[in-house]
Amino acid sequence: MSITVAQGERVFSLHTNNTTYQFRADAYGILQHLYYGPLVTNTNFTYLWQPRERGFSGNPADAGTNRRISFDTMPLEFPCHGCGDYREPCLEVRNSDGSNSVDLRYVGYEITDGKPKLPGLPAVFADSDQAQTLQITLEDSITHIRAIVQYSALPSSDVITRSVRIENAGTSSVTLERVLSCCLDFMQPDSRDIISFYGRYAGERTMERTPLHHGQSRIESTRGASSLHFNPALILCDRTTTETSGSAYALLFVYSGSFIAQAGVDQIDQTRIVMGIHPQDFAWELQPGDFFQAPEVILTYSATGFETLTHNLHRLINQHLIRGKYASQRRPIPLNSWEAAYFEYDDEKLLSIAKGAVDLGAELFVLDDGWFGSRNDDTSSLGDWHVNTDKIRCGLPVFCEKINALGLKFGIWIEPEMISRNSDLYRLHPDWMLAIPGRAPISSRWQFVLDMSRQDVVEYLFDTFSSLLSSCNIEYVKWDMNRNIGDIWSQQLPDKRQGEVLHRYMLGVYDLLQRLTSKFPDVLLETCSGGGGRFDAGMLYYSPQIWCSDNTDPIDRVTIQYGTSFLYPFSCIIAHVSASPNHQTGRTVSMEARGAVAMTGSFGYSLDPSRLSTQEKEQIGKQIVDYKENWELYSHGTLYRLLPNPANRSEAAWMLVSPDRCKASLTYLLKSPIANSPVKYLKLRGLDPEKVYFVKPGNLILSGAALMHAGLPIPELRGDYPVVQFILTRHLNPGE
Ligand code: DGJ
């Protein structure tokens, strides 16, 4: 049993293989957090709670004369605004009388095997023998607003998931002004750091570590998408935590819209972290009998540094979030047309690129932006999802057949959520665009946003893309989103419910994704948002891979992929080899380095084969052979980051190790070689100390113990951005 209840004491413990999470309903029915950390069984952590009277921290009426009981100082599981807790709340309401109090107390609990789905939302999935779920019901005795606080424990993943459902069991409507999914309170006044992943277009998920201080540290997106600018994830760790030692907690939001993640240290040095849908632009009217389901947060803890934290998240995402056959199957190696031709093509040019792709050994041709309506640049046609016969003169089915005849699978780019003013769709349905009456909407890349909160819009898109995917043998779809949301106003909602638009937008997107992926389960879906602008766990529930960044420069990519790797496995990080000089930075980098960086990811190409030198073509041929042979290791191997953040150093190194530790890859890249430099020794990790490995290049035969404790000398590297990629295979002596 991963969830236990000490009956008389109403103490709830969730155990995973290596962690314990505990809370209780106290004598007042307040849901009080007690412990989250390394596995501790048979312990009631109530003793940790040392209530003291604190000035200016008020006491609930039912605490009588006990001035030590205050919501303001107690570690809580689901803090609410308006009941004396002045810290960040999870729940804020506006009652029908205009007041904002909500005081939730314990009513009961239910434990079930497995993990229920969350209505309309992506969520971690698990069978009944892989997880247990605990639901705690809390209720306000005046308004009868209820919170069903939901916890699932997945023991073998060392993960606990949290979410909440708010129900109106009263007789008056109430407006939810903030519903966050998770709160983690820490009583112990330890000094801690937080790690977040900030970014910008072409520079996503840069890891940043900062000390927590009294007051608030917040990351957020108010853009209607999880964003390029902050990833919806936070790591809390000790000041001394490293890759391999120390305490670290991760929170990962399974949601793709606006979010907030905030960590604060209070007056008595307690730390609170909250995470959920961003309260800005959010208000949800809950009529009697209605409920609101908040998205899920994934929690994991490591007592042995970031490495274990990463392994926990990677395992969970690969095994309990990504669905469909491509969760475990090798994905075809694509050549994408974007950096090969941008908007400048016709069918002849595309076919010659595709022929070049075949010669290189690619397996899939992805036709990117520009194939539909009358689109020749980014100013028109979003919404007109029929082929542009001026460019693809033979029509899409015949073009697809021609691609297939070359021996390639065919994939196509779409941007379902968007509309151009210059489109037939806009001329027919101007009301389908998000716009505020009387105001000119904000344009971004000349495009506007469809009102995905409308059922008729989602229905139309489902029919449109169902017909497109049925029209020919499309085996791959790239779903893009090239702007953030503004003008949040839907013609279909009454004025006082406009606060629901942003979340309803996400529910519309998820509904469309769910219906299309169910109808076309064998189509491999890549999601994208101007690069990695919606790289989140919500999207991974529908698409096994996400375009990591529009920046394909391998030297920048090393930093982007390093940050991304803390949270997300390489299996879902799409990384392509592109042209040199690179189109984003103008940097010239060898084919070897471009291949080495893209290879440890979901691998492919974005370039025009006709512009490659003979030597580059030969190198690509070898890369493809290498990838086919080692893809399982490169995309599903256990990751070891051997050197710190490459953003701040001149070198990068990472390893991937097979589950049986018989095979490993090691990549070392030097950004700026130094003349007459000392020898670099890399101490490897994750190997079996008892096993002997054959190391190539170099043809060394060394034990795992030697490689991990004494290290591997890196050969002298010269030139611009040199790289060396090792493969280690278990060496068996004759007779072994
Ligand atoms: C942004 C994507 O990230 C690119 O790869 C490309 O698909 C363009 N959009 C097309 O408009």
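A disulfide is counted here when two cysteine sulfur atoms lie within 2.5 Å of each other. In chemical terms, a disulfide is a covalent bond between the sulfur atoms of two cysteines. The structure shown above is a predicted model, and by this rule it has a count of 0 disulfides. Two cysteines help to show how the rule works out. The closest cysteine sulfur to that of C472 belongs to C400 and is 4.0 Å away, which is too far for a bond. C472 has a relative accessibility of 13%, so this residue counts as buried. For C528, the closest cysteine sulfur is the one in C548, and a distance of 11 Å is again too far for a bond. C528 counts as buried too, because its relative accessibility is 4%.

Attention now turns to the ligand. There are 13 residues around the ligand, and those that come nearest are D368, D369, K478, D480 and D550. Sorted by class, this shell is made up of 6 charged, 4 nonpolar and 3 polar residues. Several contacts can be followed atom by atom. A polar side-chain atom of D368 is placed 2.7 Å from a ligand oxygen atom. K478 likewise has a polar side-chain atom at 2.7 Å from an oxygen atom of the ligand. In G531 the contact comes from the backbone, where an N or O atom lies 2.9 Å from an oxygen atom of the ligand. How much of the ligand's own accessible area does the protein cover? On its own the ligand has 290 Å² of accessible area, and the protein covers 97% of it.

Strand β11 covers residues 192–198. Because 6 of its 7 residues are buried, β11 is largely enclosed by the rest of the structure. β11 pairs with two strands that can be traced in the model. With β12, β11 runs antiparallel and is joined by 6 bridges; here I194 stands opposite T210 of β12. With β14, which spans residues 233–238, the pairing is also in the antiparallel sense and extends over 4 bridges. In this second pairing, D193 faces C237 of β14.

Helix α10, made of residues 591–599, is likewise mostly covered, with 8 of its 9 residues buried. Among the buried residues of α10 are M591, R594, V597 and M599. The loop between β29 (573–578) and α10 is home to P581, and a cis peptide bond with omega of about 0° joins this proline to S580.

The backbone has further points of interest. Most residues other than glycine have a negative phi, and most peptide bonds are trans. Where, then, is P697 found? P697 sits in the loop between β35 (692–696) and β36 (700–703). A cis peptide bond links K696 to P697, with omega about 0°. N699 also has its place in the loop between β35 and β36. The phi of N699 is positive, near 50°, in a residue other than glycine. A202 is another non-glycine residue with a positive phi, of about 65°. The place of A202 is the loop between β11 and β12 (206–211), two strands that are joined by 6 bridges.

Terms used: Residues numbered from 1 in each chain as written. Predicted model: local features only at pLDDT ≥ 70, side-chain atom pairs only at ≥ 80, totals over all residues. Heavy atoms only, no water. Near = heavy atom within 4 Å. Polar contact = N/O pair within 3.5 Å; in protein donor to acceptor, adjacent residues only side chain to side chain. Areas by Shrake-Rupley, 256 points an atom, 1.4 Å probe, with all protein chains shown as cover. Nonpolar A, V, L, I, M, F, W, Y, C, P; charged D, E, K, R; others polar. Buried < 20%, exposed > 50% of the residue type's maximum accessible area, 1.4 Å probe, protein only. Pairing = 2+ DSSP bridges.
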